[in-house]
Structures are given as structure tokens and as C-alpha cells.
Amino acid sequence: MKYDIIFPTAFDGINLDNDNMDVLVQTENGQQYTFVVATPDNVKYLMKKDNVSFLKPGLPFLFVEKLTDTNIRMVVESLLEEDEQLIRVYGDDI
């Protein structure tokens with residue numbers, strides 16, 4: 001499957017070790033998906049900020065050790081190569 005990955009947020013505006021960001025993917029057949037990519041530290045931060053010991057179910061995060069262009073491309077490409085069903089589970093069809 002051919003696709004383009006778009007980063008709507010600039011990398012210089014985020015904490016590479018403790019943040020999350022939306023990533024847009026447009027496939028060659030015109031489908032578009034939004035994925036949320038986060039670091040494990042960011043999930044801990046969000047739970048502590050909200051004073052909870054869990055996160056409610058919602059759009060699942062894709063996890064990377066550090067929010068870099070390379071890491072995000074690797075996790076998105078891995079997902080897109082796996083199974084179209086997983087794309088719909090992890091990505092919000094826009």
C-alpha cells in the first residue's frame with residue numbers, strides 16, 4: 001500500500017520524551033486516517049495529571065520511545081504493513 005505521512009505539529013514544539021501527537025496518513029486510494037502517537041512517559045504524565053490509575057478506552061495510542069520522525073514513520077509503516085483491520089482499530093478514519 002502506498003501512502004503519505006503528514007505531521008500537522010512541528011517537532012520543535014513538542015517534548016520528544018514526554019508528549020503525544022497526531023499523525024495523518026493518506027493512502028493511495030484516498031483514504032485518510034489519524035493516529036495518535038505517544039511516549040510511555042506521556043501516558044504516565046496524563047494519568048498523574050488527571051489523578052487516575054488508568055486511561056479510559058478511546059482511540060488507542062501507538063507507542064514510541066521518543067517522538068522522532070524516524071520512530072513515528074517506523075511504527076506507522078509497521079502498522080500499515082500488518083493488516084488493514086489494525087489500521088481501522090488504531091486510526092480514526094477522517
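Buried means under 20% relative accessible area, exposed means over 50%, and partly exposed is anything in between. With that scale in hand, here are some close-up views of a chain whose structure is a predicted model.

**View A. The whole chain, to get our bearings, has 3 helices and 5 strands.** Reading along the sequence, you will meet these elements in the pattern β-β-β-α-β-α-α-β. The chain has 94 residues, and buried residues make up 30% of them. Its accessible surface comes to about 6,100 Å², with carbon and sulfur atoms accounting for 48% of that area. Among contacts with a sequence separation of 6 or more, 55% are between residues 24 or more positions apart.

**View B. A salt bridge joins K66 and D17.** The closest N and O atoms of K66 and D17 are 3.6 Å apart. This pair links distant parts of the chain, its two residues being 49 residues apart. K66 sits in the loop between β4 (61–63) and α2 (69–82), while D17 belongs to the loop between β1 (3–6) and β2 (20–27). How accessible is K66, buried or exposed or partly exposed? Its relative accessible area is 34%, and because that value falls between the 20% and 50% limits, K66 counts as partly exposed. D17, at 38% relative accessibility, is partly exposed as well. As general background, side chains of opposite charge can pair when their charged atoms come close.

**View C. D69 and R73 form a salt bridge within helix α2.** Here the closest N and O atoms are 2.9 Å apart. Why are D69 and R73 separated by about one helical turn? Because they are 4 residues apart in helix α2. D69 is partly exposed, with a relative accessible area of 31%, and R73 is partly exposed too, at 29%. With this pair and the one in the previous view, the count of salt bridges comes to 2.

**View D. T39 is a buried residue in a loop.** You will find T39 in the loop between β3 and α1 (40–49). Its relative accessibility is 0%, and since that is under 20%, T39 counts as buried. Which residues does T39 contact, once neighbours within four places in sequence are left aside? They are L16, D17, N18 and D19, together with F63, V64, E65, K66 and L67. Look for both partners of the salt bridge in View B among these contacts, namely D17 and K66.

**View E. T27 in strand β2 makes a side-chain polar contact with N29.** The distance of this contact between the side chains of T27 and N29 is 2.3 Å. T27 is buried, with a relative accessible area of 7%. Not counting residues up to four places away in sequence, T27 touches M1, K2, Y3 and Y33.

**View F. The largest nonpolar core holds 18 residues.** Which residues have the most contacts inside this core? They are V23, I72 and V76. The elements that give two or more residues to the core are β2, β3 (32–38) and α2, and α2 gives the most, with 5 residues. To explore the packing, try starting from V76. Apart from neighbours within four places in sequence, V76 is in contact with I5, V23, V25 and L62. V23, one of these partners, is itself among the residues with the most contacts inside the core.

**View G. The rings of F61 and F63 form an aromatic pair.** The count of aromatic pairs comes to 3. For F61 and F63, the ring centres are 6.0 Å apart and the planes lie at 80 degrees. Because an angle over 60 degrees counts as edge-to-face, that is the label for this pair. F61 is partly exposed, at 21% relative accessibility, and F63 is partly exposed at 45%. F63 also appears in View D, as one of the contacts of T39.

**View H. F54 lies in the loop between α1 and β4.** At 46% relative accessibility, F54 counts as partly exposed. F54 and V43 are 11 residues apart in sequence, and their C-alpha atoms are 9.3 Å apart in space.

Methods. Residues are numbered from 1 along each chain as its sequence is written. This is a predicted model: local features need pLDDT of at least 70, side-chain atom pairs count only at pLDDT 80 or more; totals for chains, interfaces and linings use all residues. Side-chain values use heavy atoms; hydrogens and water are left out. A salt bridge is a side-chain nitrogen of Lys or Arg within 4 Å of a carboxyl oxygen of Asp or Glu. Buried means under 20% relative accessible area, exposed over 50%, partly exposed in between (1.4 Å probe, protein chains only). A polar contact is a pair of N or O atoms within 3.5 Å; within protein, one must be able to donate a hydrogen and the other to accept it, and residues adjacent in sequence count only if both atoms are side-chain atoms. Contact means heavy atoms within 4.5 Å. A nonpolar core is a set of buried Ala, Val, Leu, Ile, Met, Phe, Trp, Tyr and Cys residues joined through side-chain atoms within 4.5 Å. Rings of Phe, Tyr and Trp (its six-membered ring) pair if their centres lie within 6.5 Å; planes under 30 degrees apart count as stacked, over 60 as edge-to-face and the rest as tilted. Accessible areas come from the Shrake-Rupley method with a 1.4 Å probe; for residues, only the protein chains shown count as cover.
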